[in-house]
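Biologist: Hello! I am new to this one and would like to understand the words you use for it. Could you show it to me first?

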Amino acid sequence: MEEILQLLQDDGRISIEDMAAMTKKTSEEVKAIMKKLENDGTIVKYAAIVNTDKLLNNENRVRAIIEVQVTPEREHGFDAIAERIYRFPEVKSLTLMSGGYDLQIIIEGKSLQEVAFFVARKVSAIEGVKSTKTHFVLKTYKENDIVLVDQKRDRREGVTA
Amino acid sequence: MNERKDKFSTKMLETPPSGIRKFFDLIIGRDDIISLGVGEPDFPTPWLMREEAYYHLEQGHTSYTSNWGLLELREEIAKYLQKYNLDYNPKKEILVTIGVSEAVDAVLRAILNPQDEIIICEPCYVSYQPLAELCDTKLIRFDTSNTNFYPTAEELEKVISPKTKAIMLCSPSNPTGKMIPKDELEKIAKLAQKHKIWVLSDEVYSELVYDENAHCSIASFPGMKDYAIVLNGFSKAFAMTGWRIGYVCCPPDLMEQVHKLHQYSTICAPIMSQYAAAEGLRSGASEVEKMRLSYQQRRNLMTSKLDEMDIPYIEPEGAFYIFVDIRKTGLSAEDFATKLINEYQVAVVPGSVFGKAGEGFVRCCYATEIKKLKIALERIKKMVQDLQRKNS
């Protein structure tokens, strides 16, 4: 099962036949494993990983990491505030952290202003949020295990012993 | 131009160039060719090792090391070899060399006399025969193609004479990927002890074994430490071909001789490579396993596609080669490989360059991206079909 998951994580569009051949399983067995991984939520979805620097309209895309300090609620701890935050579609990622702050938001917007506005109007205004610190992303070098700034080239000599 | 007639060594003039050279020249500058002709991983060296070398360069650690190699590396090697039930003393039984290639050369020169015979199990890596011949030794080319491409003790005993000094083994094998089964290895070990023969065991592919196969070193059998010479290195499993780093393990009295050769010919292996290799042994196991699994998956893909195409092959158990049987096409291995490059844009290595026993086969290296492997296989299939159509 792990081997199938690893192959899919590496290439979400790999064919069932190839996976079957590579792991010495039948296509039916591979399909059953995928179904299981999909049904139990291990595989959330199959999506493209995009290098946003390559997008034509990337001038209109701003990414920021926001550190948020909150006061946890007696009943729900951090979960209720987290839910209020992650429901916004602008929020790409939300994690509870140890250390100097509590929640880390990764957010995307069209402009600095839009992101700043979102933080001021939406995040800061949530009850229990004590403070926010916004860091804008200048360049992404690596994401989801993939180095985005590299050019891969096979440097090996053609025929060797 | 020097016009002296005997300006070159006769011995060297008699040494043929590697059969691979011709194919190397054929594909120079050709971007349209997919090469399954390489003999190395398609991964760069894992970063943890590159970073280690980088650190030592930065610190200015650029000197010679002891002829033996860094003690910290030899100690790591000794620890690592315990996984194969080998117990070598890092201070007098392990020597770090410039790849397995130097180790083969040094050991052969340290043990062979002109009247000796050495048994070389073919098909095998291209350097064994010429290096042995440079010692004026008689080569006994032992054909393993009739015994499923590994030597058996029974057949070996038939070619052993009082002059036999050594046997050269490689398991998992380049070019076939076959392994010598453990029980056979044990019989060969007994044979070696009975006839007092050195066994040179090239184990450079020991980490790259697939499915339920487990590597077994001939040196691990009782009494074999006195007869076995273990040759291993970092090129294949650790993806470090360009770093040129390997090692030899043998009894201290032989090591004294090997050490002299190594000292006079190379002094020591490059220091950065030694630091990087030590780090690989300390913390690189998971990286090695990732690469091993990837080769295994590609091997499975190759065998499954070749089965579909009805093209026979020798089932590889390790390394990253598959020995494809092309006898049905009626072409010699060399003609097949030449035609395949010129007309179908795929480079493979004819089995005959690894010894006569490899005739009728071509070696395909599957350490290449899957997309290219599939295209290459389609092209091979097309050529086989075209030939069969012509023949019928």
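Biologist: What covers the buried residues of helix α10 of chain B?

Modeller: Keep in mind that this is a predicted model. The cover of the buried residues of α10(B) includes α3 (47–58), α4 (71–81), β2 (94–97) and α11 (285–309) of chain B.

Biologist: What makes you say that α10(B) is largely enclosed?

Modeller: A residue counts as buried under 20% relative accessible area. In α10(B), 10 of the 13 residues are buried, so the rest of the structure largely encloses the helix. Among the buried ones are B:Ile271, B:Tyr275, B:Glu279 and B:Leu281.

Biologist: How does the reach of α10(B) compare with what is expected for its 13 residues?

Modeller: This helix, residues 271–283, reaches 19 Å from its first C-alpha to its last. At 1.5 Å a residue, 18 Å is expected, and the value is close to that.

Biologist: Why is B:Ala219 called buried?

Modeller: The cut-off is under 20%, and B:Ala219 has 4% relative accessibility, so B:Ala219 counts as buried. You can find B:Ala219 in the loop between β6 (198–202) and β7 (228–233) of chain B. Beyond its neighbours within four places in sequence, B:Ala219 touches B:Leu86, B:Tyr88, B:Met224, B:Lys225, B:Ala228 and B:Val230.

Biologist: And A:Ile4, is that residue buried or exposed, and how do you know?

Modeller: Buried: its relative accessibility is 0%, against a cut-off of under 20%. A:Ile4 belongs to helix α1 (residues 2–10) of chain A. Leaving aside neighbours within four places in sequence, its contacts are A:Met19, A:Thr23, A:Val30, A:Ile33 and A:Met34. By contrast, 44 Å separates the C-alpha atoms of A:Ile4 and A:Ala120, which are 116 residues apart along the chain.

Biologist: Why is α2(A) called roughly perpendicular to α11(B)?

Modeller: The axes of helix α2 (residues 16–23) of chain A and α11(B) cross at roughly 105° and come within 6 Å. Angles of 65 to 115 degrees count as roughly perpendicular, and that is the term for α2(A) against α11(B).

Biologist: Which residues meet there, and how do they divide into nonpolar, polar and charged?

Modeller: From α2(A) come A:Asp18, A:Ala21, A:Met22 and A:Thr23. They meet B:Gln296, B:Gln297, B:Asn300, B:Leu301, B:Ser304 and B:Lys305 in α11(B). The residues of this contact are three nonpolar, five polar and two charged.

Biologist: Now the sheets. What makes β2 and β4 of chain B edge strands?

Modeller: The sheet in chain B is open and has seven strands in the order β2-β8-β7-β6-β5-β3-β4, with mixed pairing. β2 and β4 (138–143) of chain B each have a single partner strand, so one side of each is left without a neighbour in the sheet. From one strand to the next, the twist averages 20°.

Biologist: How do you know that β3(B) and β5(B) pair?

Modeller: Pairing takes at least two bridges. Strand β3 (residues 117–122) and strand β5 (residues 164–170) of chain B have four, in the parallel sense. Within this pair, B:Ile119 stands opposite B:Ile167.

Biologist: Which strands are at the edges of the sheet in chain A?

Modeller: Four strands make up this open sheet, in the order β2-β3-β1-β4 (chain A), and their pairing is antiparallel. Its edge strands are β2 (91–96) and β4 (129–136) of chain A, each pairing on one side only.

Biologist: How many bridges join β2(A) and β3(A)?

Modeller: Five, in the antiparallel sense; at least two are needed for pairing. A:Leu96 faces A:Leu103, and A:Thr95 stands opposite A:Gln104. The two strands form a hairpin with six residues between them, and in the turn A:Gly99 has a positive phi of about 100°.

Biologist: Which helices lie across the strands of that sheet?

Modeller: Helix α4 (residues 79–86) of chain A lies across β1 (62–70), β2, β3 and β4 of chain A, at about 165° to β2(A). Helix α5 (residues 112–123) of chain A also lies across β1, β2, β3 and β4, at about 170° to β4(A). Angles over 145 degrees count as roughly antiparallel, and these values are about 165° and about 170°.

Conventions:
Residues are numbered from 1 along each chain as its sequence is written. Chains are lettered from A and ligands numbered from 1 in the order in which they are written. This is a predicted model: local features need pLDDT of at least 70, side-chain atom pairs count only at pLDDT 80 or more; totals for chains, interfaces and linings use all residues. Side-chain values use heavy atoms; hydrogens and water are left out. Contact means heavy atoms within 4.5 Å. Axes are lines fitted to C-alpha atoms, for helices over the stretch in contact, and angles run from 0 to 180 degrees between N-to-C directions. The expected span of a helix is 1.5 Å times one less than its number of residues. Buried means under 20% relative accessible area, exposed over 50%, partly exposed in between (1.4 Å probe, protein chains only). Angles under 35 degrees count as roughly parallel, over 145 as roughly antiparallel, 65 to 115 as roughly perpendicular and the rest as oblique. Ala, Val, Leu, Ile, Met, Phe, Trp, Tyr, Cys and Pro count as nonpolar, Asp, Glu, Lys and Arg as charged, and the others, Gly among them, as polar.
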